[in-house]
Amino acid sequence: KLERLCRYISRPAVSEKRLSLTNSGLVRYQLKTPYRDGTTHIFFEPLDFLARLAALVPRPRVNLTRFHGVFAPNNKLRAQVTPAKRGRRRHGSGTESDDKTPAERHVAMTWAQRLKRV
């Protein structure tokens, strides 16, 4: 399983078998399946191809998953819909988590809770 994971992580973003240079200096990428109009290859200028590859690289220190709506970090209703009851709360709203002591609120999950979650 570890070997399979390492192979998956180390695989390139673009298949090198389908990538080639033409005699005129263009980058040719062969599509896995043809488009509806019959296109089987795409041609790029070398700098244009690098720009498209660079666009796929995520910015550093930015989460790849962004939450919107109720699951957004600063949404007022997030504490009501997330299992950990984390999120922005209105002060003095009288929710059930106000009845718990600080020690009860910060207790880690038990193994049974973790297994149930998985």
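This passage walks through the fold of one protein chain, from its overall layout to a pair of aromatic rings. The model is a predicted one.

Start with the big picture. The chain holds five helices and three strands. Read from the N terminus, the elements come in the order α-β-β-β-α-α-α-α. Of the 118 residues in the chain, 8% are buried. The chain exposes about 11,400 Å², and carbon and sulfur atoms supply 56% of that area. As for contacts with a separation of 6 or more, 4% of them link residues 24 or more positions apart.

Now for the sheet. The three strands make an open sheet, lined up as β1-β2-β3 with antiparallel pairing. β1 (19-21) and β3 (41-44) sit at the edges with a single partner strand each, so one side of each has no neighbour in the sheet. On average, neighbouring strands here are turned by 25° against each other, ignoring direction.

Zooming in on the pairings, β1 and β2 run antiparallel and are joined by three bridges. On this side of the sheet, L19 has Y29 in β2 as its bridge partner. Five residues lie between the two strands of this hairpin, and G25 takes a positive phi near 95° there. β2 (residues 27-30) also pairs with β3, again in the antiparallel sense, and this time over four bridges. Here R28 has F43 in β3 as its bridge partner, while V27 stands opposite F44 in β3.

What lies across the sheet? Helix α2 (residues 46-56) does, crossing β1, β2 and β3 and running at about 105° to β3. The two faces of β2 can be told apart as well: V27 and Y29 make up the covered face, whereas R28 and Q30 make up the uncovered one. So V27, on the covered face of β2, is the residue that stands opposite F44.That brings the aromatic rings into view. A pair of aromatic rings is described by the distance of the centres and the angle of the planes. The count for this chain comes to one aromatic pair. The ring centres of F44 and F49 are 5.6 Å apart and their planes stand at 45°, so this pair is tilted. F44 has a relative accessible area of 13%, which means that F44 is buried. F49 is buried too, with a relative accessible area of 12%.

Key
Residues numbered from 1 in each chain as written. Predicted model: local features only at pLDDT ≥ 70, side-chain atom pairs only at ≥ 80, totals over all residues. Heavy atoms only, no water. Pairing = 2+ DSSP bridges. Axes fitted to C-alpha atoms, helices over the stretch in contact; angles between N-to-C directions. Contact = heavy atoms within 4.5 Å. Buried < 20%, exposed > 50% of the residue type's maximum accessible area, 1.4 Å probe, protein only. Areas by Shrake-Rupley, 256 points an atom, 1.4 Å probe, with all protein chains shown as cover. Phe/Tyr/Trp six-rings, centres within 6.5 Å; stacked < 30°, edge-to-face > 60°.
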